[in-house]
Amino acid sequence: MMQLNKPYITTFNHPNFGDMVAVTNGSNNINDSRYLMSINTHPYDDHETLVYKSTIAFLVEENKWLKKQVKKLTGIHD
């Protein structure tokens, strides 16, 4: 199993694959990703894969909301 020292998770929208999640070892560049996964659901996905992808999609949306909240709060206190 590969160990990541400083895991960094980023999301992006790929023109062919849709919403993607990339995990890198501290880099912000998706070209350095160690793990890359599409979070779009497909009709041939089994139940376990659907649950996994929907959980990741929820966490991605939650992360976007949290980043907005941090920007709001740091803007107030600056």
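Student: What makes β1 and β2 count as a pair of strands?

Tutor: In this predicted model, seven bridges join β1 to β2, residues 18-24, in the antiparallel sense. Two strands pair if DSSP finds at least two bridges between them, so the seven bridges of β1 and β2 meet the criterion.

Student: Which residues of β2 stand opposite Tyr8, Ile9 and Thr10?

Tutor: Tyr8 faces Thr24, Ile9 has Val23 as its bridge partner, and Thr10 is bridged to Ala22. The two strands form a hairpin, with three residues between them.

Student: How do you know that β2 also pairs with β3?

Tutor: Four bridges link β2 and β3, again in the antiparallel sense. At least two bridges are required, and therefore β2 and β3 are a pair as well. One of the residues involved is Val23, whose bridge partner in β3 is Tyr35.

Student: Why are β1 and β3 called edge strands?

Tutor: The three strands form an open antiparallel sheet in the order β1-β2-β3. Within this sheet, β1 (8-14) and β3 (35-38) each pair on one side only, and they are the edge strands. Neighbouring strands are turned by 20 degrees against each other on average, direction ignored.

Student: What makes β2 a mostly covered strand?

Tutor: Six of the seven residues in β2 are buried. A residue is buried when its relative accessible area is under 20%, so six residues of β2 fall below that cut-off. For the chain of 78 residues, the buried share is 19%.

Student: How do you know that the chain is more spread out than a compact globule?

Tutor: Along the sequence the chain follows the pattern β-β-β-α, with one helix and three strands in its secondary structure. Its radius of gyration is 15 Å, whereas the globule rule gives 12 Å for 78 residues; the value is well over the rule, and therefore the chain is more spread out than a compact globule. The C-alpha trace spans about 50 × 25 × 25 Å along the principal axes.

Student: What is the volume of the largest pocket, and which residues lie nearest its centre?

Tutor: The largest pocket holds about 380 Å³ of space. Its lining has 17 residues, and those nearest the centre are Ile9, Thr11, Val21, Ile56 and Val60.

Student: Which elements give two or more residues to the lining of the largest pocket?

Tutor: They are β1, β2, β3 and α1 (47-77). The largest share comes from α1, which gives seven residues.

Student: How do the residues of this lining divide into nonpolar, polar and charged?

Tutor: Eleven are nonpolar, four polar and two charged. Ile and Val count as nonpolar, so Ile9, Val21, Ile56 and Val60 belong to the nonpolar group. Thr11 is classed as polar, because Thr is among neither the nonpolar nor the charged types.

Conventions: Residues numbered from 1 in each chain as written. Predicted model: local features only at pLDDT ≥ 70, side-chain atom pairs only at ≥ 80, totals over all residues. Heavy atoms only, no water. Axes fitted to C-alpha atoms, helices over the stretch in contact; angles between N-to-C directions. 1 Å grid on protein atoms, 1.4 Å probe; cavity = no way out; pocket = protein on both sides within 12 Å on 5 of 7 lines; lining within 4 Å. Points joined across faces, edges and corners; volume = space filled by probe spheres on them. Rg over C-alpha atoms; globule rule 2.2 N^0.38 Å. Buried < 20%, exposed > 50% of the residue type's maximum accessible area, 1.4 Å probe, protein only.
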